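Work through the exercises below with the sequence and the model side by side. Try each task on your own before you read its solution.

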Amino acid sequence: MNGFFDGDFKRKPNVSIGGASKKLTKDELLAKASKEREQRQVVREQNASALKIQCFFRSFSSRKKAQNIFRQQFDELKSRSKITATSRFELVNHLLFFYQPLQDGQRLVWCCQMITKDRSDVLNQSNWAFKLARLVKLATKQIAQAEQQDNVSPLIRFVEIFTSPQNFNEESILKIYDYIIRHGFFKHLRQICDTRIPPMIAETSKAPVPIAGTILDLIMQPLRLIQEDNNDFANKVLTSLTEHFLTEKFSEQIDFFIVPSLASEKSFPYATWSKVLHGNSMLKKSPWLLYAFLRLGKIHSFDVQCYLNVLSDLTG
């Protein structure tokens, strides 16, 4: 008999380390598979989120580095004794790329002064219109956010010049106003009005201080550009004006100067404004808007039916 005998004649049972085998039901198998899929999905989402965070951080870091490089180049170009047409174009491009309000306020003031000084050259070039619109947006926001003691005269002068319809053809000025109104022009004018015009105790349509007259002119200029055949532009201008000046609670400056001044302006497009009010259900109804509508309607002709419709909308 061939073989090996070690003296142990009893067969030992096989023991499974994982414990006794258990046969899963169909429902248990499906639940287990579903749980595993959910766990894999969670891992995938976590990995995707980590990747997005890394991408955003790298993008932010790269932009900051690029902005610092362009800021340094701006300062180098600025320090040169003579600014040429080419360097002026570069300076504005650099500023628009890296501008941060808290860090670059003085650079914006210097740039606006430079362009104001050389406006005859700038206004003769068609490729400046969009850049000027972006600079006007930055300038009005900077004025609105400036401290009371800050000198904002250069910025105000810049905004006056480069929003004047006399300095542009019709197509260019409409594009400029379309851009700045979409980016908070009337919102910033309201802030400037409330902070730069001193408190008032009596109603007047005569500017109490020079800046009050400037603000009123800046309000009226886009209103004078409104034409009956350009409904889109009229709607943007009048909706934004209404939202920021005539819907919310009036400050003393609005109540005693802006509203009386608008009410005395024969060029105010009251009939078109009435149509905008009646056709825009998104505008907030308020007692101040109702007062403004009645006050501004005193010297203007209007469509009676439209007038009654607006009254119904505002009082309903």
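**Exercise 1.** Are Trp273 and Phe293 buried or exposed?

*Solution.* Keep in mind from the start that this is a predicted model. The cut-off for a buried residue is a relative accessible area under 20%, and by that rule both Trp273 and Phe293 are buried.

**Exercise 2.** Which kinds of elements make up the protein, and how many of them are there? Decide as well whether the chain is a compact globule or more spread out.

*Solution.* Begin with the elements: the protein has 14 helices and zero strands. The next step is the radius of gyration, which is 34 Å, whereas the globule rule gives 20 Å for 316 residues; the value is well over the rule, so the protein is more spread out than a compact globule. Along the principal axes, the box filled by the C-alpha atoms comes to roughly 130 × 65 × 40 Å. As a last step, turn to burial, where 40% of the 316 residues count as buried.

**Exercise 3.** Describe the aromatic pairs, taking one edge-to-face example and one tilted example.

*Solution.* The count comes to 15 aromatic pairs. In the pair of Phe89 and Trp128, the ring centres lie 5.6 Å apart and the planes stand at 85°; since planes over 60 degrees apart count as edge-to-face, that is the class of this pair. Now place the two residues: Phe89 belongs to helix α2 (residues 85-98), while Trp128 sits in the loop between α4 (119-123) and α5, so that the pair links parts of the chain 39 residues apart. Their burial can be read from the accessibility, because a value of 26% makes Phe89 partly exposed, while a value of 1% makes Trp128 buried.

For the tilted example, take Trp273 and Phe293, with 5.8 Å from centre to centre and 55° between the planes. Here helix α12 holds Trp273 and helix α13 (residues 287-296) holds Phe293, 20 residues apart in the chain. These two rings also belong to a cluster linked by ring pairs, in which Phe268, Tyr270 and Tyr307 take part as well.

**Exercise 4.** Which helix gives the most residues to the lining of the largest pocket? Then describe the second largest pocket in the same way.

*Solution.* The largest pocket holds about 240 Å³ of space, and 13 residues line it, with Gln106, Gln142, Ala146, Glu147 and Asp150 nearest its centre. Two helices, α3 (101-117) and α5 (129-145), each supply at least two lining residues, and α3 gives the most, with five. Sorted by class, this lining has six nonpolar, five polar and two charged residues.

The second largest pocket has a volume of about 200 Å³, and its lining includes Gln227, Asn231, Thr272 and Lys275. Two or more lining residues come from each of α10 (231-246) and α12 (270-279), and α12 has the largest share, with four residues. By class, three of the lining residues are nonpolar, five polar and two charged.

**Exercise 5.** How many disulfides does the structure hold? Consider also why Cys193 and Cys306 count as buried.

*Solution.* The structure holds zero disulfides. For burial, look at the relative accessibility: Cys193 counts as buried because its value is 0%, and Cys306 counts as buried because its value is 12%.

Note on methods: Residues numbered from 1 in each chain as written. Predicted model: local features only at pLDDT ≥ 70, side-chain atom pairs only at ≥ 80, totals over all residues. Heavy atoms only, no water. 1 Å grid on protein atoms, 1.4 Å probe; cavity = no way out; pocket = protein on both sides within 12 Å on 5 of 7 lines; lining within 4 Å. Points joined across faces, edges and corners; volume = space filled by probe spheres on them. Nonpolar A, V, L, I, M, F, W, Y, C, P; charged D, E, K, R; others polar. Disulfide = S-S within 2.5 Å. Buried < 20%, exposed > 50% of the residue type's maximum accessible area, 1.4 Å probe, protein only. Phe/Tyr/Trp six-rings, centres within 6.5 Å; stacked < 30°, edge-to-face > 60°. Rg over C-alpha atoms; globule rule 2.2 N^0.38 Å.
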